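User: Please take a close look at one part of this structure for me: the salt bridges. I would like to know which parts of the chain they join and how covered their partners are.

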Amino acid sequence: MIRIGSDTGGTFTDLVAADGTIAKTPSTRADPGDAVRRGTAELLARIGEARPDLARTLDCLAHGTTVATNALLERRGAIVTLVTNEGMADLIEIGRQDRPSLYDQRADRPVPLVERDHRLEIRGRLDADGHEIERLDLASLPPVPPDTDAIAVCLLHSDRNPAHEIEVAAHLRAAGHDVTASHELTPEFREYERTVTTVINAYVSSLCRTYLAGLAPVADDVLVMSSAAGLLGAARAAERPAGLLLSGPAGGVLAGAAAAVANGFPDAITFDMGGTSTDVCLVLDGQPEPASQRDVVGLPVRLPSLDVHTIGAGGGSIASIDEGGALVVGPESAGADPGPACYGHGGDRPTVTDANVVVGRIPADADLPGIGPLDVGASQRALDDAGVDSDGVLAVVNASMEQALRAVSVERGVDPRGLALVAFGGAGPLHACALADALGVAVVIVPPRAGVLSAVGILGAPVQVDLVESWPDPLDHTDLDAGVRALGEQAIDELGSVVGDASWATLTVEPAVDCRYRGQSHELQVGSVGEFAAEHERRNGYTRPGTPIEVVAIRATARAASPVDIGDLPPIERPSVVGPAVIAEPDCTIWVADGWRADSGVAGASVLRRTG
């Protein structure tokens, strides 16, 4: 069996086969699937040369995609019509009583994804317990605007009783419309977040469906990475594209956490710096931190995910002088075309990669995939023309990434000095020592195949189904265990329909509950009610003995482990060096700073420690 993991980034598309063979090809902005097709063809050819006994066909492609994310970032999704209750059409515009930036009067909320004349109201109402207080009147639904591409249906309290939503969705589907109904996607309370998530799903559904259909000929079976670090069947992924917004980064977190545990550091921060962005995530006791909701470009997405913090800082981030005369780096990126100036493809604006080339941390003779030898002179000219210097660019981008690392550690009551920093992505290992120094982190781990680690994580990710339900009576825990078991059985049933009778599939289920103290407006996801107080103290520094604990939602995650254990990939060999030194590899470059040394770790990882 040939199985490949792939991750499409803003600059490169990375691919890893189960035998450890890797490929890295420039991403194609106009057609992201093109880079996947080219990369898989290259890998299959190389595997066939080494193993002529294997058929040159791909059995399984495990894929991480940025199609949904880019569509949302660039506002190029479908024309969506929202159907909601009478009087609720402006909910997605009113939002919450908060501001994007408390003291910045120029900061505005994101423009809603649905125009006002595409928000339709229907008569009918349920109360907060899901009881009907006004009958649904389908005749009151205004005509759907003729330019509508997709419809989002989100009615009040359908997390408690979906009857009205089911009826409306069936009516619209019978008329031939592409419909996302909130109870099918995110059956949780909080109407604003549920509505926005449903709208986002409708907004990106057509693009994702077309994209995934284009990948179908690549492999016999296409699985897609979700934001929750599990693989979905392509059909389910196409129905739930809002759950793919952190598709690629989740794979890197999984593999980074595994590398940290293998090298004796179950508590860590994963630090993934690619060409366009940097993604960081806290790992405690070997487990990446989960989140029931993430904000993407200022919009809440209420779906299970890893708690990944993302900033616009990558190797391709462009440096410039702003109107006030300050040096800024990113979030604009040079991407793969034209790319940094050193690529020699016509780029003339300085990037973080150009700064690293000029200071010698990326060797001029580095043979980057699809790029070839680098043009150091072009990098220097770009820096000079923009009026910036390489050391300043590196200092500014490091400050931005340090802030992100503090956001997932210090701001959550976790001392980074007790953590390892797991650095990967094409640019992560170039900046890890400086960030470790700033945070007081004692150990940096650079996993094997660090430059394609997200693809490695996707290759070894489990097939996964995540289910959630609102809990009807927060203070009544009498039937809680039974409710969690029933949800777990449902998750196992849905997972079984994906993996079938695959001999490698061992199914497991992990329950969780969302808890809070009575009177609080935020929840913590824990394994059981009994774990809540300790988790609350870790996160917030205190507990409230005697205060009733509310359960607002129950969860179940069913998994089938991958047939590929990434710990079994062939180890790579790296030298032990004392800094300052460069370790150049085909997929990334490791900078061992002055005062640091790198030694061999498990499976070819480099473990960096201070020499003093």
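Analyst: A cut-off comes first: buried means under 20% relative accessible area, exposed means over 50%, and partly exposed lies in between. By that rule R116, with a relative accessible area of 41%, is partly exposed. The model is predicted, and every value here is computed from it.

Start with the total. The structure holds 36 salt bridges. Side chains of opposite charge can pair when their charged atoms come close. Three pairs deserve a separate look.

Take R116 again. Its side chain meets that of D90 in a salt bridge, at 2.7 Å from N to O. The two partners sit in distant parts of the chain, 26 residues apart. R116 is in the loop between α3 (91-94) and β6 (119-126). D90 is in the loop between β5 (80-85) and α3. D90 has 30% relative accessibility, so D90 counts as partly exposed. R116 is partly exposed too, at 41%.

The second pair is E193 with R96. Their side chains meet in a salt bridge at 2.9 Å, N to O. E193 lies in helix α6 (residues 191-215), while R96 lies in the loop between α3 and β6. The pair therefore ties together parts that are 97 residues apart in sequence. What is the relative accessible area of E193, and is E193 buried or exposed? E193 is buried, at 7%. R96 is partly exposed, with a relative accessible area of 36%.

The third pair is E523 with R302. Here the closest N and O atoms are 3.9 Å apart. The cut-off for a salt bridge is a nitrogen within 4 Å of a carboxyl oxygen, so this pair counts as one. E523 lies in the loop between β25 (507-517) and β26 (524-526). R302 lies in the loop between β17 (299-301) and β18 (305-306). These parts are 221 residues apart in sequence, and the pair ties them together. Both ends are covered: E523 is buried at 17% relative accessible area, and R302 is buried at 3%.

E523 and R302 also belong to a network of salt bridges. The other residues linked in that network are E188, R190, D514, R516, E550 and R555.

Now set these pairs against the whole chain. The chain has 15 helices and 32 strands. Buried residues make up 55% of its 612 residues. Contacts over long stretches of sequence are not confined to salt bridges. Among contacts between residues at least 6 apart in sequence, 67% join residues at least 24 apart. The radius of gyration is 24 Å, which agrees with the value near 25 Å for a compact globule of 612 residues. Along its principal axes, the C-alpha trace spans about 70 × 65 × 55 Å. The chain exposes about 24900 Å², and carbon and sulfur atoms supply 50% of that area.

One helix shows burial from another angle. Helix α4 (residues 163-174) has 12 residues and reaches 17 Å from its first C-alpha to its last, close to the 16 Å expected. Its buried residues are H164, E165, V168, A169 and L172. Seen down the axis of α4, they fall within an arc of 125°, so they line one face of the helix. After α4 comes G176, whose phi is positive, near 95°.

Technical notes. Residues are numbered from 1 along each chain as its sequence is written. This is a predicted model: local features need pLDDT of at least 70, side-chain atom pairs count only at pLDDT 80 or more; totals for chains, interfaces and linings use all residues. Side-chain values use heavy atoms; hydrogens and water are left out. Helices (H or I, at least four residues) and strands (E, at least two) are DSSP runs, numbered from the N terminus. The expected span of a helix is 1.5 Å times one less than its number of residues. Buried means under 20% relative accessible area, exposed over 50%, partly exposed in between (1.4 Å probe, protein chains only). The arc is that of the directions from the helix axis to the C-beta atoms. The radius of gyration is taken over C-alpha atoms; the globule rule is 2.2 Å times the number of residues to the power 0.38. Contact means heavy atoms within 4.5 Å. Accessible areas come from the Shrake-Rupley method with a 1.4 Å probe; for residues, only the protein chains shown count as cover.
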